[in-house]
Amino acid sequence: MNFSGAGVIPAGEYDEEIKISGSGHIKGNIKCTEFHSAGMVKGDGDIDCSGAIRVSGSFTTKGNVKSCGMKFAGSATVHGRIKCEELSTAGALHTDAGIEAETATIRGMINCGGLLNAEKIDVKINENSHADSIGGGEITIAREHGSAANINVNVFLQLKRLFRNQSSNISVGRGTFTVDEYIEGDTIDLEHVHAPVVTGRIVKIGDGCEIETVRYSEQCEVSPTARVGKTEKAI
């Protein structure tokens, strides 16, 4: 299914690629082999894609999103859960029910209700971001630097207003990642992160971090500019 301009996609199973250029409205749950959109797309239900999902522009759905790979460029709001093998974002991503992936590469801004869970998590933000909790193998969170930090400025300004309405956990500013519950992984490297508990084998707490408790089993490094309440080494 392929259309340009404005169109409606009925609920159902589509043994084909769905491609939208312009404005699209998905009326209910759909299954498809590929999903590509450029413009503005609104969905009323779940999207289950056996192949890849690639979205540029504005994307919103009330349900869950599942595929082998997802690439969002612009602003994406998923009121359900995101599940995929590879997730890549450039812009602003909001999800209410968590993310499950093998690799998650986040650039820009993220607001994740629930658990952000992936074997490899690589986050670079240029606006305040949030997750209830984070779990994985290799976890890296830092601020975006250089020219890449200025991408999608208009999108971020729009998403600031959206996130103010959707989550009281975010105070819009620049480049702090707030985690409500915990960060747990194997190797963890953090900058400008605020969290109650960080637990890992090898942990690096970098500039701008505020952590109440750091638990580690092998190695822990804390920047002089970080604030850490206490460190605990597992026996």
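**Notebook: charged pairs and cysteines**

I began with Glu232, which forms a salt bridge with Arg215, the closest N and O atoms being 3.0 Å apart. Glu232 sits in strand β17 (residues 227-233) and Arg215 in strand β16 (residues 210-222), so this contact ties together parts that are 17 residues apart in sequence. I then looked up the accessibility of both partners: Glu232 is partly exposed at a relative accessible area of 29%, and Arg215 likewise counts as partly exposed, at 37%. I note here that I am working with a predicted model, and I read each of these contacts with that in mind.

Next I turned to networks, and I found that salt bridges with shared partners join Arg107, Asp122 and Lys124 into one network. Within this group I looked up the pair Asp122 and Lys124, whose side chains meet in a salt bridge at 3.4 Å, N to O. Is Asp122 buried or exposed? Its relative accessibility is 18%, and because the cut-off for buried is under 20%, Asp122 counts as buried. Lys124, by contrast, has a relative accessibility of 26% and counts as partly exposed.

My third entry concerns Arg81, which forms a salt bridge with Glu100, with 3.0 Å between the closest N and O atoms. This pair links distant parts of the chain, for Arg81 lies in the loop between β7 (69-78) and β8 (82-83), while Glu100 belongs to strand β10 (residues 99-125), 19 residues apart. Both side chains came up as partly exposed when I checked them, Arg81 with a relative accessible area of 31% and Glu100 with 30%.

How many salt bridges are there by this rule? The count comes to seven, and those I have written up include Arg81 with Glu100, Asp122 with Lys124 and Glu232 with Arg215. As general background for these entries, I recall that side chains of opposite charge can pair when their charged atoms come close.

Finally I went through the cysteines, and I found that the structure holds zero disulfides. Cys49 is in no disulfide, and the nearest cysteine sulfur, belonging to Cys32, is 4.0 Å away. Because a disulfide requires two cysteine sulfur atoms within 2.5 Å, the 4.0 Å between the sulfurs of Cys49 and Cys32 does not qualify. I also looked up accessibility here: Cys49 is buried, with a relative accessible area of 3%, and Cys112 is buried as well, with a value of 0%.

Note on methods
Residues are numbered from 1 along each chain as its sequence is written. This is a predicted model: local features need pLDDT of at least 70, side-chain atom pairs count only at pLDDT 80 or more; totals for chains, interfaces and linings use all residues. Side-chain values use heavy atoms; hydrogens and water are left out. A salt bridge is a side-chain nitrogen of Lys or Arg within 4 Å of a carboxyl oxygen of Asp or Glu. Helices (H or I, at least four residues) and strands (E, at least two) are DSSP runs, numbered from the N terminus. Buried means under 20% relative accessible area, exposed over 50%, partly exposed in between (1.4 Å probe, protein chains only).
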